[in-house]
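Please open the model in your viewer and keep the selection tool at hand. The stops below are meant to be taken in order.

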Amino acid sequence: MGVFFQSVQGILIIIILIAVGYFLARQDWFSDDATKLIAKLVTQVALPAYMIYTITNDFTAGKLIKLLPNLVIPCLSMTILIGISVIMIKILHIDKNHQGLFSSMFFNSNTVFVGLPVNMALFGSQSLPYVLVYYMANTTFFWTLGTYLIQVDGEKKGSFNWRTTLSKLFSPPLMGFIIGLILVILHIKLPTFLMSDFQYIGNLTIPLSMIFIGISIYNAGLTNIALHKENVGILFGRFICAPLLMSFLFLFIPGPALMKQVFIIQAAMPVMTNAPVVAKLYHADSNYAAIMVTETTILSLFVVPVLMMIIK
């Protein structure tokens, strides 16, 4: 029961921060521009600074280099999930206009806005390198295949803009990770004042991420939550299929216990907050994507403590 209460306390930290965002949004504190600004602050300013500070402060070159081969595990997991999503589309007779979105949301998870703070709350800063490894794989899959599948649902049928795709792949958080990696490998020490700035700015990541999720949940509307077959299919993929598959892979691929725990939690994270944005851009059903972000985010707060009981 100690593990369960530890998990619940970690999740309560997240719930309270989400609630702050939700109730402030309810009081009309945030316009659309303000919400976009918070997302930009997290992804383009706070998170890159957080990556640089944490990596250069807490990790050695040897430890980081050993992490990179572990990319194969989340990549293999998401590849298999794509195949399972195709089967689920046929079994559930998913609407043709939702099939790409369904598949994309089935195999991609929210590794930053929810995954990072949840893992930090549950496992501490030692979980960060494994969070980053999963994030790299997840980001690559979403901005290539995931985005393509969403485009197929919309009016712009499967046309790739490689320049845009590459800019998303080499996003500020990933660049922060790469810069931190280079600094550690080359044994470059940044000035103390600069490291302090990175630390202060990086500390904004978790609270701003959770406030953003709270705003998003309010904007999507709790009254829109429903359990149609398409919704249930995504819930099955995110919270049952993905963590079970990741656990199964670790029966054949050895790894540290912490990596296994982090990867399972990351696999069971909610739908990416980018999904509604991309859906709206390509004229797919952004409302469906927004509802699934809301449903999976809320449900993840109950799923994670149960998962922690199982994987500990």
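Begin by selecting Thr-56, Asn-57, Phe-59, Thr-60, Leu-183, Val-184, His-187, Ile-188, Lys-189, Leu-190 and Met-195, which line the second largest pocket of this predicted model. The elements giving two or more residues to that lining are α2 and α9 (172–185). The volume of the second largest pocket is about 240 Å³. Colouring its lining by class will show six nonpolar, four polar and one charged residues.

Next, turn to the enclosed space. How many cavities of 30 Å³ or more does the structure hold? There is one, and the space in this largest cavity comes to about 30 Å³. To display its lining, select Leu-47, Met-51, Thr-111, Val-112, Leu-116, Val-131, Leu-132 and Tyr-135. Here the elements contributing two or more residues are α2 (32–58) and α7 (128–153). The largest share, three residues, belongs to α7. By class, seven lining residues are nonpolar and one is polar, while none is charged.

Leu-116, one of the residues lining the largest cavity, leads to the next stop, since Leu-116 is also among the buried residues of α6. Select helix α6, residues 115–123. Why can this helix be described as largely enclosed by the rest of the structure? Eight of its nine residues are buried, so the rest of the structure largely encloses α6. The buried residues are Gly-115, Leu-116, Pro-117, Val-118, Asn-119, Met-120, Leu-122 and Phe-123. Step just past the end of α6 to Gly-124, where phi is positive, at about 85°.

Now select helix α4, residues 72–92. This helix has 21 residues, and from its first C-alpha to its last it reaches 30 Å, close to the 30 Å expected at 1.5 Å a residue. Within α4, highlight Ile-73, Pro-74, Ser-77, Met-78, Leu-81, Ile-82, Ser-85, Met-88, Ile-89 and Leu-92, which are the buried residues. They span an arc of only 165° around the axis, and therefore lie on the same side of α4. A general rule helps in reading such a pattern: an α-helix has 3.6 residues a turn, so residues three or four places apart point the same way.

Rotate the view to the other side of α4, where Ile-87 and Lys-90 are exposed. Then show what covers the buried residues of this helix: the cover includes α5 (99–107), α7, α12 (229–249) and α13 (257–267). Thus α7, which gives three residues to the lining of the largest cavity, is also part of the cover over α4.

The last stops concern the backbone. Most residues other than glycine have a negative phi. Just after α4, select His-93, whose phi is positive, near 55°, although the residue is other than glycine. His-93 is placed in the loop between α4 and α5. Is His-93 buried or exposed? With a relative accessibility of 61%, His-93 counts as exposed, the cut-off for that class being over 50%.

Finish at Asp-28, in the loop between α1 (2–26) and α2. Asp-28 is not a glycine, yet its phi is positive, at about 65°. At 64% relative accessibility, Asp-28 counts as exposed.

Terms used:
Residues numbered from 1 in each chain as written. Predicted model: local features only at pLDDT ≥ 70, side-chain atom pairs only at ≥ 80, totals over all residues. Heavy atoms only, no water. 1 Å grid on protein atoms, 1.4 Å probe; cavity = no way out; pocket = protein on both sides within 12 Å on 5 of 7 lines; lining within 4 Å. Points joined across faces, edges and corners; volume = space filled by probe spheres on them. Helix = DSSP H or I, 4+ residues; strand = E, 2+ residues; numbered from the N terminus. Nonpolar A, V, L, I, M, F, W, Y, C, P; charged D, E, K, R; others polar. Buried < 20%, exposed > 50% of the residue type's maximum accessible area, 1.4 Å probe, protein only. Expected span 1.5 Å × (residues − 1). Arc of directions from axis to C-beta. Contact = heavy atoms within 4.5 Å.
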